[in-house]
Structure formats: structure tokens, C-alpha cells
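Trainee: Could you take me through one part of this model closely, and then connect it to the other packing and pairing features that you would look at beside it?

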Amino acid sequence: MTTEVTYGTTADGITAARVGKSTYCMKPGRSGEFFIAMADSFGKERDISTMSERDFYSHLGNVKDLDAFKAEMADIAAHMDEKKALGRTEISSSTSTPWGKSQGATVYAEGGIYKHSTAGHGGMKVYAKLNKLIPEPYRNNDGWYEEDGEYNKVVVSLPQFFTKREIRLATAAIINGYPDEYEKVTGNKILPGQSRKRDEQLFHAAHANDWVGISAGSFEDEDGNKLTAVTASRGGERSRYEDGRLITVDTKVFVVPREEYSNGWQPFGFVIDESKHPEFVEKQPKDEPREASEEELDHLFGRKR
């Protein structure tokens, strides 16, 4: 049975679609684009015309227009059909996981792949026979893969257990978050602009000796100039814990015109130009003149009483 897709308009005029038992809409975003959001039906199927924008949550990706939205809905419907064909089942579980006690699991492969949910996080357990098929750069020897990032390594390595949509999204996530491992496994070279993680690596390599902003706050000087105090470190390094030890980094605070900071901000940090961004020096309050005390005079002149 093919998953049905029906379209409608919410009470506040937003285009929405019901795909199987799930409802999605195209919320207006920035720059004239839209983003896909999903409604929580709480187990009830509501008529789209009675819903409004506030019924939808999450951000499932951008679409530029109605045609792109409809194409995405068709892809989700195909994904649902493939999931049915794969025969996944839900089971109760109290297995101990790296994220706490399991509250239930989805069986992707009997005796081979289980995706566990917990009170806080979750992830996938891949047992030894299948785990050894995962390429070494992607493989976790204990077979546990957390649900946000590492899960994608399982999807691209064992595609026979996943839908085309899952494989496509997982491949994009691997390129974006694990570029070094992706290149080792596939032999494909990732180009600038194709991977956020790789772009971050290139940025920090290019600015390793520069002061790069790690935090900022706005203020006005005594003349009313709108400024930004940018706390920066060499290469944008941050204090961190390594092997139980706190590794601290030196920081300085620089003054940058607020408009320049807003226009020059980059995803990985604002780069300080020491030739035009002065270091912030906090003014010290001036001491009011006063008479020295007898004790201060005694100390100054070495007098004893």
C-alpha cells in the first residue's frame, strides 16, 4: 500500500501536507525561502484547516517554493513505504546503554541492529557480525553509535537495512561532520564549501596565529559610539578539559565597531585586525586627593612610636 499525501491550508494560511499519519507545513523563513516543520498530533489526526503555525515545530530543512515542498513530501512518502517493506519492529527493552537504561528499541535487523531510546539520549547497537562489516574509520569497536552523528556511519555502511532517504541524508551528514573518515573510506576528495567540519578545519589552519573571537558583548563609549568588545584567543582556541586536566588559553579583549563586527562575522569566528582593532583597556578610577594618615606617614618615613 502506497502512503497517501494530501495537501491543505491551515487556518492562518500556511500550506501543509499530511503524509500517512504525519503532518508537515512550509513555514516562511528568511530571504523569501521556507522551512519544513512537523506537527505533533498527540495520536489524533486533525483536519489541516483547523491547524495553525503554532501547531508545528522543529526545522526539517529549507525549501525554496511549493514545488520543492511537494517533492520533499513525495520523498517522505516513499521513505515510509520503504520502511514498511524493511519490516522494522518495536520492542520493549531495559538494556543498559552508554546513555542510560533503554526505554524501548527499534529492531532493524534481528540479532544485529537495534536502535535504543533512553530518557535523555539514545543510539544504535550493532552486534559483532555486522559491526565488523563497518569500515574501520567509521567503526566503534563496542558497537554503540550515538543517535545524532555516529548513527549515520551505520547507515552508509549497512545500506541494505535503510531507506534511500536515510542513506542520502546520512551521506550528507558524514561529509559534513566526518570529512576525514569519509575521504579514507570512499577515496573521494571533499572540496571547500562541501563540509562544515572541513571548512572549520581550513579556517583554523589559516588563522592559527591570528586573534579570533570566541565571545562578544556590545557597549557604547562615552561619546555614544556603538562598539563590540570581542574576547579573542589565538586561532579561536577555547579552554577545555583533556584527560581530566583543564587546558587554559590566553585571551585578550579587542574593541570593534558594532556594524563592522556584525558584517564581518564568520561561522567560525571574527578575525581581529590588530592594525585597526585596539585592545580594550578598562579605565581605572582616579583616586581623590586626601591627607595621609598618621600610620601611612609613619610607614613612609620609618617612624616608630
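**Helix packing, sheet and aromatic pairs**

Mentor: In this predicted model, helix α1 (residues 66-86) packs with helix α4 (residues 164-177) at an angle of about 115°, and their axes are 8 Å apart. On the side of α1 the contact is made by E72, D75, I76, H79, E82 and K83, while α4 contributes K164, R165, E166 and R168. Sorted by class, this contact of α1 with α4 contains eight charged residues, together with one nonpolar and one polar residue.

A second helix pair can be set beside it. Helix α5 (residues 179-186) and helix α6 (residues 196-206) pack with their axes 8 Å apart and at an angle of about 115°, and α5 and α6 are therefore roughly perpendicular to each other. The residues that meet are P179, D180 and E183 from α5 and K197, R198 and Q201 from α6. By class, the contact of α5 with α6 is made up of four charged residues, one polar residue and one nonpolar residue. Both contacts are given in the usual terms, since two packed helices are described by the angle between their axes and the distance between the axes.

Turning from helices to strands, there is an open sheet of five strands, in which the order is β7-β10-β11-β12-β13 and the pairing is antiparallel. Its edge strands are β7 (89-91) and β13 (144-146), each of which pairs on one side only. On average, and with direction ignored, neighbouring strands of this sheet are turned by 25° against each other. Within the sheet, strand β10 (residues 104-109) runs antiparallel to strand β11 (residues 113-117), and five bridges join the two; for V107, the bridge partner in β11 is Y114.

The aromatic residues bring us back to some of these strands. A search of the whole structure finds nine aromatic pairs. Among them, W99 and W144 form an edge-to-face pair, with 5.7 Å centre to centre and 85° between the planes. Because W99 lies in the loop between β8 (96-97) and β9 (100-101) whereas W144 lies in strand β13, the pair ties together parts that are 45 residues apart in sequence. The two partners fall into separate accessibility classes: W99 counts as partly exposed because its relative accessibility is 22%, while W144, with a relative accessible area of 14%, is buried.

The rings of Y114 and Y127 have their centres 5.9 Å apart and their planes at 85°, so this pair is edge-to-face as well. Here too distant parts of the chain are linked, since Y114 is in strand β11 and Y127 is in the loop between β12 (122-126) and α2 (128-131), 13 residues apart. Y114, the bridge partner of V107, is buried with a relative accessible area of 13%, whereas Y127 counts as partly exposed at 37% relative accessibility. In addition, Y108, Y151 and F162 form one aromatic cluster.

Finally, consider a glycine in a loop. G29 is placed between β3 (22-28) and β4 (34-39), and at 37% relative accessibility G29 counts as partly exposed. Leaving aside residues up to four places away in sequence, G29 touches F34 and F35. From G29 to E90 the separation is 61 residues in sequence and 36 Å in space, taken C-alpha to C-alpha.

Technical notes: Residues are numbered from 1 along each chain as its sequence is written. This is a predicted model: local features need pLDDT of at least 70, side-chain atom pairs count only at pLDDT 80 or more; totals for chains, interfaces and linings use all residues. Side-chain values use heavy atoms; hydrogens and water are left out. Helices (H or I, at least four residues) and strands (E, at least two) are DSSP runs, numbered from the N terminus. Buried means under 20% relative accessible area, exposed over 50%, partly exposed in between (1.4 Å probe, protein chains only). Contact means heavy atoms within 4.5 Å. Axes are lines fitted to C-alpha atoms, for helices over the stretch in contact, and angles run from 0 to 180 degrees between N-to-C directions. Angles under 35 degrees count as roughly parallel, over 145 as roughly antiparallel, 65 to 115 as roughly perpendicular and the rest as oblique. Ala, Val, Leu, Ile, Met, Phe, Trp, Tyr, Cys and Pro count as nonpolar, Asp, Glu, Lys and Arg as charged, and the others, Gly among them, as polar. Two strands pair if DSSP finds at least two bridges between them. Rings of Phe, Tyr and Trp (its six-membered ring) pair if their centres lie within 6.5 Å; planes under 30 degrees apart count as stacked, over 60 as edge-to-face and the rest as tilted.
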